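Let's take a walk through this model, starting in its core and finishing with its cysteines. Keep the viewer open as you read.

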Amino acid sequence: MAQDYWYDEQSAQLGKEPIPSAWRWDDTYEAGIDLRSCQYALVKFSAAKVVSLCTTSGEQMCGILQNNPNSGLNAVVRFGGRSQVQGAKVFAAGALLTTNHSGRAFVAQSGDYYLCQAMELGSSSKKSLVIVRANAVLK
């Protein structure tokens, strides 16, 4: 039986082989601020159906931004499944990740909310693959 693959822009940018298909949960909301330089950053709800960049380390977040919209345009947010994420520091595969003050991922500490788990080694110099959980959990 042939295996189903998704080979999208994320895989091509990372120079990766096709990844076996996986469940993904994306939804679209209004960008509350200019997010043109924030693709694959951690975002939060800032108002009803409006998302903004996470600005406090360890805060509750809703997902990972999949596009790069300007303020007032559609922001595609990944709530579950595989995604890339922008790293803030080095983290190991398997690490539970939270946000820093600029929406970048780093290892969650006690008292932080975490939303995703690293699938590979990550750093501030590259985008890394993660599994996104359906809701942020307090560590």
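What follows covers the nonpolar cores, one buried glutamate and the cysteines.

A quick word on ground rules: this is a predicted model, where local features need pLDDT of at least 70, side-chain atom pairs count only at pLDDT 80 or more, and totals for chains, interfaces and linings use all residues. Numbering runs from 1 along each chain as its sequence is written, and side-chain values use heavy atoms, with hydrogens and water left out.

Start with the largest nonpolar core, meaning a set of buried Ala, Val, Leu, Ile, Met, Phe, Trp, Tyr and Cys residues joined through side-chain atoms within 4.5 Å. Buried here is under 20% relative accessible area, exposed is over 50%, and partly exposed lies in between (1.4 Å probe, protein chains only). This core has 16 residues, and Leu-42, Ile-64, Val-85, Leu-97, Leu-115 and Val-130 touch the most other members. Strands S10 (113-118) and S11 (127-138) each supply at least two of its residues; strands are DSSP runs (E, at least two residues), numbered from the N terminus. A second, separate core holds 13 residues, including Tyr-29, Cys-38, Val-51 and Leu-65.

Now look at the loop between S10 and S11, where you'll find Glu-120. Glu-120 is buried, at 13% relative accessible area, and its side chain reaches the backbone nitrogen of Leu-129 at 3.0 Å.

Finally, the cysteines: the whole structure has zero disulfides, a disulfide being a pair of cysteine sulfur atoms within 2.5 Å. For Cys-54, the closest cysteine sulfur is in Cys-62 at 7.2 Å, too far for a bond. Cys-54 is buried at 0% relative accessible area, and Cys-116 also counts as buried, at 0%.

How values were computed:
Helices (H or I, at least four residues) and strands (E, at least two) are DSSP runs, numbered from the N terminus. A polar contact is a pair of N or O atoms within 3.5 Å; within protein, one must be able to donate a hydrogen and the other to accept it, and residues adjacent in sequence count only if both atoms are side-chain atoms.
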